[in-house]
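Here are a few warm-up exercises, each followed by a worked solution. Have a look at the model, try each task yourself, then read on.

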Amino acid sequence: MPPAPTPTPDADTAPVPASVPELHADCSRCFALCCVALPFAASADFPATKRGGDPCGNLRADYGCGVHARLRDTGYRGCTVFDCFGAGQQVSQVTFGGVSWRTAPDTARAMFDVFPVMRQLHELLWHLSQALTLPAARPLYADLARTHAMVTAHTESDAATLATLDVSSVRRRTGTLLRRTSDLARASVPGRKRDHANADLMGAQLRQARLRGACLRNAYLIGADLTGADLRTADFLGADLRDARLADADLTGALFLTQPQLNAAHGNPNTRLPPTLRRPPHWPA
């Protein structure tokens with residue numbers, strides 16, 4: 001798997017924490033938290049309904065998945081889209097010191113409550129880490145690094161502190177800074193930049209669309225046809241790409257694009273991706 005974006009200090013950068021949490025899931029070091037803590041409902045993504053806190057029926061004693069190689073074939077498409085950004089192993093190995101909810105059942109509720117909070121924090125760290133690699137964001141490096149350090153410190157808190165954290169406030173503060181970062185990065189793109197923030201583009205016909213440097217923040221692109229679209233340096237923060245068609249599209253330098261967004265879309269071998277993201281295994285080879 002490609003490495004996560006790595007903050008790169010320079011003369012204009014505030015100190016970056018020496019210990020940066022892992023931002024890719026390592027299921028071998030997690031107590032299957034996504035398979036237990038999170039609920040799901042019978043739908044196109046899941047064949048059954050499960051309450052949060054109940055283990056999935058496919059969960060094995062070793063915390064592995066009994067149908068992992070056949071998730072899509074057995075109706076568990078939602079599992080192939082999800083990514084915890086490394087929050088699972090952080091909660092399992094750091095917050096709870098490597099002691100499983102099975103070994104210590106009295107900690108289960110707290111562990112399950114902390115997991116979605118940690119996932120949000122790790123997703124913010126993913127975005128902040130990318131922002132700190134963008135030359136155009138140099139004027140914001142000090143603020144970005146301080147915010148990165150603040151979010152990292154939250155990930156190192158104990159379970160009780162994490163459970164009461166106002167994560168919405170952290171997201172708002174970080175989101176404002178990421179918006180300023182996006183504006184700086186996209187300003188260097190020549191030509192007129194489209195602003196489709198929060199737009200309803202479900203099923204839109206955007207084949208070969210020139211969307212370089214566009215703002216697609218929180219846009220609904222469900223089922224949109226983006227075949228061959230120029231999406232270089234476009235801002236995808238919060239965009240919904242479920243079933244979007246990205247065959248032959250160019251996502252080079254895409255801003256704030258995540259693995260779950262790609263996993264929910266459809267591409268092909270000619271789809272150009274940022275180096276920190278992997279080609280989803282269900283895409284054609």
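Before starting, one cut-off: a residue is buried when its relative accessible area is under 20%, exposed when that area is over 50%, and partly exposed in between. Keep in mind that this is a predicted model.

**Exercise 1.** Work out whether Asp240 is buried or exposed, and do the same for its salt-bridge partner.

*Solution.* Start with Asp240: its relative accessibility is 16%. Buried means under 20%, so Asp240 counts as buried. Next, find the partner: Asp240 forms a salt bridge with Arg242, and their closest N and O atoms are 2.7 Å apart. Arg242 has a relative accessible area of 40%, so this one is partly exposed.

**Exercise 2.** Take the salt bridge between Asp183 and Arg186 and explain how the two residues are placed along their helix.

*Solution.* First, the contact itself: the two side chains meet at 3.2 Å, N to O. Then count along helix H7 (residues 167-187): Asp183 and Arg186 are 3 residues apart, which means about one helical turn separates them. Why does that spacing suit a pairing of side chains that point the same way? An α-helix has 3.6 residues a turn, so residues three or four places apart point the same way. Finally, check the surroundings: Asp183, at 36%, is partly exposed, while Arg186, at 9%, is buried.

**Exercise 3.** Now try the pair Arg119 and Glu123.

*Solution.* Their side chains form a salt bridge at 3.6 Å, N to O. Both sit in helix H4 (residues 108-131), 4 residues apart, again about one turn. As for burial, Arg119 and Glu123 are both buried.

**Exercise 4.** Check whether the length of helix H5 (residues 141-155) agrees or disagrees with its residue count.

*Solution.* H5 has 15 residues, and the expected span is 1.5 Å times one less than that number. That gives 21 Å, and the end C-alpha atoms are 21 Å apart, so the two agree. Now look at what H5 touches: its buried residues, among them Leu144, His148 and Val151, pack against helix H3 (87-95), H4 and H7.

**Exercise 5.** Describe the lining of the second largest pocket.

*Solution.* Begin with the volume, about 300 Å³. Around this pocket are 18 lining residues, with Arg171, Arg217, Asn218, Leu237 and Gly238 nearest its centre. The elements giving two or more residues to the lining are H4 and H7, and H7 gives the most, with 5 residues. Sorted by type, the lining has 6 nonpolar, 7 polar and 5 charged residues.

Note on methods
Residues numbered from 1 in each chain as written. Predicted model: local features only at pLDDT ≥ 70, side-chain atom pairs only at ≥ 80, totals over all residues. Heavy atoms only, no water. Salt bridge = Lys/Arg side-chain N within 4 Å of Asp/Glu carboxyl O. Buried < 20%, exposed > 50% of the residue type's maximum accessible area, 1.4 Å probe, protein only. Contact = heavy atoms within 4.5 Å. 1 Å grid on protein atoms, 1.4 Å probe; cavity = no way out; pocket = protein on both sides within 12 Å on 5 of 7 lines; lining within 4 Å. Points joined across faces, edges and corners; volume = space filled by probe spheres on them. Nonpolar A, V, L, I, M, F, W, Y, C, P; charged D, E, K, R; others polar.
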